[in-house]
Amino acid sequence: MEAESPTVPRSPARTDLVPKFWKNDIKGLHKELISFRFMSMTKPTPEARCHVSISEVNNLSGKESNILNDHEPISEQWITIGSGLTPIDCYIELFLIEMLPNEKSKCTIRCKDNLQVSFILKLLRVETSKLHFTKSPKEILVLAKTYKENGVKMFSKYPVFAHSYFNRAAKCLLSCAPLEGLDPAQEGEETITEMQTLLETLYLNISACLIKEHRYDEVLQILQFIALQEKPSEKAIYRMAVAQFQVKQYPEAIKTLERINYATSRDCAALYQQIKTTWQQEQNQYNNMVKKMFG
């Protein structure tokens, strides 16, 4: 009589690998685990491709998303981390970064209008990208240009998210710093020059975002590089002068604008006059105060 083959135990669910709840109060994100069976420890990373299933979308209420659709009961699609062009889609990427393959969770996004967008998200498969530190400068340049273009697309409607993309692009390039230390024979003179030009452009883009957020001291820091340039761009001069004006560095703002022919630019000429007028008004107020105190 043949012996019975032993029963092979099934692998445990290992729900201890995934927390029951995850949240980010600052961004209004909440994730609650529904089910999980261990398949892989490969979590989504920047540039990873994620095969997902999405269902039970609620309260989308016309909010922009290229991922969510409240008309389809179940949607399967591939999502590349770092490609979201709407706030909803960027937040979905944040959820995915916190997930493991074969995890199914209910995700909730609390919006500024107090509506809560919710949906069921299941991560089916992850295809990881090449690790960042193994990329060549040419590959890093391609990635930085992609992030920069994403930021440009989001700037007019979602400047905070654009700022995040510009920062990511700058960090990519700075991972190769100092750029002037790269070997032209190995990396190519054109690649190095393009990286340097793109980094300056990103600093200008970041400064525009910071001005929208009224973070003028940070604008002064990020645009310090123009002090070393013989012929800085009009855009850089204008944004530096705006920041100096807003922190009441009036003489410095005047000198900054005078580095170019500001009179040929309507915006620069208007800013120059505004600075002069405001500076004079504050001086008059101070003189009047002194007269009242000691006159």
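This briefing covers the largest pocket, the cysteines and the residue Gln116. The structure is a predicted model. Its largest pocket holds about 1100 Å³ of space, and the count of disulfides comes to zero.

**Largest pocket**

- Of the 42 residues that line the largest pocket, those closest to its centre are Lys27, Pro87, Cys90, Tyr91 and Phe161.
- Helix H1 (87-97), strand E5 (103-110), helix H2 (137-155) and helix H3 (159-174) each contribute at least two residues to the lining of this pocket, and the largest share, nine residues, is that of H3.
- By residue class, the lining of the largest pocket divides into 20 nonpolar, 14 charged and eight polar residues.

**Cysteines**

- Cys50 is buried, because its relative accessible area is 0%, and its sulfur lies 12 Å from the closest cysteine sulfur, that of Cys107, which is too far for a bond.
- Cys176 is likewise in no disulfide, the nearest cysteine sulfur, in Cys172, being 8.6 Å away, whereas a disulfide would need the two sulfur atoms to be within 2.5 Å.
- With a relative accessible area of 12%, Cys176 also counts as buried, since the cut-off for that class is under 20%.

**Gln116**

- Gln116 belongs to strand E6, which covers residues 116-127, and counts as partly exposed because its relative accessibility is 42%.
- Leaving aside residues up to four places away in sequence, Gln116 touches Asn58, Asn59, Thr108, Ile109 and Arg110.
- Between Gln116 and Ile81 the separation is 35 residues in sequence and, from C-alpha to C-alpha, 23 Å in space.

Note on methods: Residues numbered from 1 in each chain as written. Predicted model: local features only at pLDDT ≥ 70, side-chain atom pairs only at ≥ 80, totals over all residues. Heavy atoms only, no water. Helix = DSSP H or I, 4+ residues; strand = E, 2+ residues; numbered from the N terminus. Buried < 20%, exposed > 50% of the residue type's maximum accessible area, 1.4 Å probe, protein only. Contact = heavy atoms within 4.5 Å. 1 Å grid on protein atoms, 1.4 Å probe; cavity = no way out; pocket = protein on both sides within 12 Å on 5 of 7 lines; lining within 4 Å. Points joined across faces, edges and corners; volume = space filled by probe spheres on them. Nonpolar A, V, L, I, M, F, W, Y, C, P; charged D, E, K, R; others polar.
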